[in-house]
Amino acid sequence: MRYRQYLTSIVNHIKVSSAAGALLLVAGSAHAITVSGLNPNSSSYLATSGSFGDTYSGVAELSIVRSDLGYGVVEGCSGALLADGVSILTSAHCIADANGVERAMSAYVRFTTSTGTYSSQVVSFKVDPSYDGSATSPHDVAVLILASPAPATVARYSLYAGDPSDQIMTLAGYGFGGTGANGYDAIEYPAGTLRVGENQYDPYAGTDDLMFDFDDGPTAQADEAFIAPGDAGGPSFIDGKIAGVHSYAERIVYPNGSSPDIDNVLDSSFGEVAADSSVTYNLAFIQSAMLLAPEPGLMILVGVALVAIALTGEKRKRR
């Protein structure tokens with residue numbers, strides 16, 4: 001996942017990677033889940049707990065070797081298995097460089113189910129051709145094709161075709177864990193554990209990047225969560241369908257030096273803001289990149305949704 005910081009009128013783009021278990025201030029990647037509660041390993045957040053069953057078994061942990069990251073560096077991201085059972089939806093920046101050029105050499109995915117884990121090799125990488133590598137590109141999506149279909153025990157997910165603005169969604173990812181009060185903790189809560197939690201898209205999210213913040217106090221959702229390193233490419237679900245793909249996080253510094261970020265560090269703590277790439281906005285590419293035929297009639301629904309969204313007015317400007 002990528003981080004960025006606003007300072008007066010200057011935007012500084014900071015990229016982080018969970019490669020090899022350490023943060024690298026280099027090319028693209030990852031994020032994980034920090035939570036509003038005190039224990040990221042509570043059953044309320046662990047997607048593999050008995051209460052969730054295999055609902056989130058189709059969320060994948062990705063290990064990616066790229067030509068631009070150096071010898072021995074493995075990029076860690078998240079993704080989700082689509083309805084055809086062989087296509088993985090993730091972020092473009094997990095496999096592409098800052099110019100939008102695909103750099104993946106090899107990749108493996110791992111799914112965790114109630115009956116064990118399943119791994120598969122990726123045989124094809126497809127980056128949205130509109131992705132230019134910029135930190136806030138609304139086309140930060142990619143589709144990976146597996147060598148063979150995942151077992152039937154691994155959940156498949158449909159694509160959300162409506163307007164996600166102002167809707168509560170469920171975040172999922174394999175990144176670092178932590179708390180809103182202290183940010184992510186790569187030592188105490190390393191990447192590799194699938195966590196979930198709720199948040200809510202901005203009321204004026206519009207059609208491209210879908211913004212959400214990390215609240216503390218009475219306005220927060222009961223199990224509010226936020227993305228952190230290792231979660232990039234992971235899904236946000238609305239009604240069990242993928243509505244967004246985790247893309248980047250940012251902190252805001254106002255001209256007077258104040259910030260809603262509680263600790264003035266870009267670390268997935270309370271007061272920071274993040275964005276998903278919209279599935280609705282990128283649906284044409286996603287469906288064209290899938291190995292098997294897309295769901296019938298979905299493009300018609302998306303067309304209706306985009307018209308309805310356009311009529312609601314101009315999207316709120318970035319803070």
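**Exercise 1. Find the residue whose backbone nitrogen lies 3.5 Å from a polar atom of the Ser277 side chain, and describe the surroundings of Ser277.**

*Solution.* Keep in mind as you work that this is a predicted model.

- Step 1: Start at the serine side chain; the backbone nitrogen 3.5 Å from one of its polar atoms belongs to Asp140.
- Step 2: Place the serine in the fold. Ser277 sits in strand 18, which covers residues 273-278.
- Step 3: Check its accessibility. Ser277 has a relative accessible area of 1%; buried means under 20%, so Ser277 is buried.
- Step 4: List its neighbours, leaving aside residues up to four places away in sequence. Among the residues that Ser277 touches are Ser137, Pro138, Asp140, Val141, Asp208 and Asn282.

**Exercise 2. Trace the barrel: how many strands close it, and in what order?**

*Solution.*

- Step 1: Follow the pairing around the barrel. There are 6 strands, in the order 4-5-6-9-8-7, with antiparallel pairing. Neighbouring strands of this sheet are turned by 40° against each other on average, direction ignored.
- Step 2: Zoom in on one seam. Strand 6 (residues 87-90) and strand 9 (residues 142-146) run antiparallel and are joined by 4 bridges.
- Step 3: Pick out a facing pair there: Ser87 stands opposite Ile145 of strand 9.

**Exercise 3. Which salt bridge partner does Glu61 have, and is each of the two buried or partly exposed?**

*Solution.*

- Step 1: Look for the partner. Glu61 forms a salt bridge with Arg110, and their closest N and O atoms are 2.3 Å apart.
- Step 2: Locate both ends. Glu61 belongs to strand 4 and Arg110 to strand 7 (residues 104-113), so the pair links parts of the chain 49 residues apart.
- Step 3: Compare with the 20% cut-off for buried residues. Glu61, at 18%, is buried, whereas Arg110, at 23%, is partly exposed.
- Step 4: Try the reasoning again on Arg103 and Asp97, whose side chains meet in a salt bridge at 2.8 Å, N to O. Arg103 is partly exposed at 33%, while Asp97 counts as buried at 9%.

**Exercise 4. Describe the aromatic pair of Tyr56 and Phe237.**

*Solution.*

- Step 1: Choose your two quantities: the distance of the ring centres and the angle of the planes describe such a pair.
- Step 2: Apply them. Tyr56 and Phe237 are 5.7 Å apart, centre to centre, with 50° between the planes, and the pair is tilted.
- Step 3: Place the rings. Tyr56 is in the loop between strands 3 and 4, and Phe237 is in strand 16, 181 residues apart.
- Step 4: Check accessibility: Tyr56 and Phe237 are both buried.

Terms used
Residues numbered from 1 in each chain as written. Predicted model: local features only at pLDDT ≥ 70, side-chain atom pairs only at ≥ 80, totals over all residues. Heavy atoms only, no water. Pairing = 2+ DSSP bridges. Helix = DSSP H or I, 4+ residues; strand = E, 2+ residues; numbered from the N terminus. Axes fitted to C-alpha atoms, helices over the stretch in contact; angles between N-to-C directions. Buried < 20%, exposed > 50% of the residue type's maximum accessible area, 1.4 Å probe, protein only. Polar contact = N/O pair within 3.5 Å; in protein donor to acceptor, adjacent residues only side chain to side chain. Contact = heavy atoms within 4.5 Å. Phe/Tyr/Trp six-rings, centres within 6.5 Å; stacked < 30°, edge-to-face > 60°. Salt bridge = Lys/Arg side-chain N within 4 Å of Asp/Glu carboxyl O.
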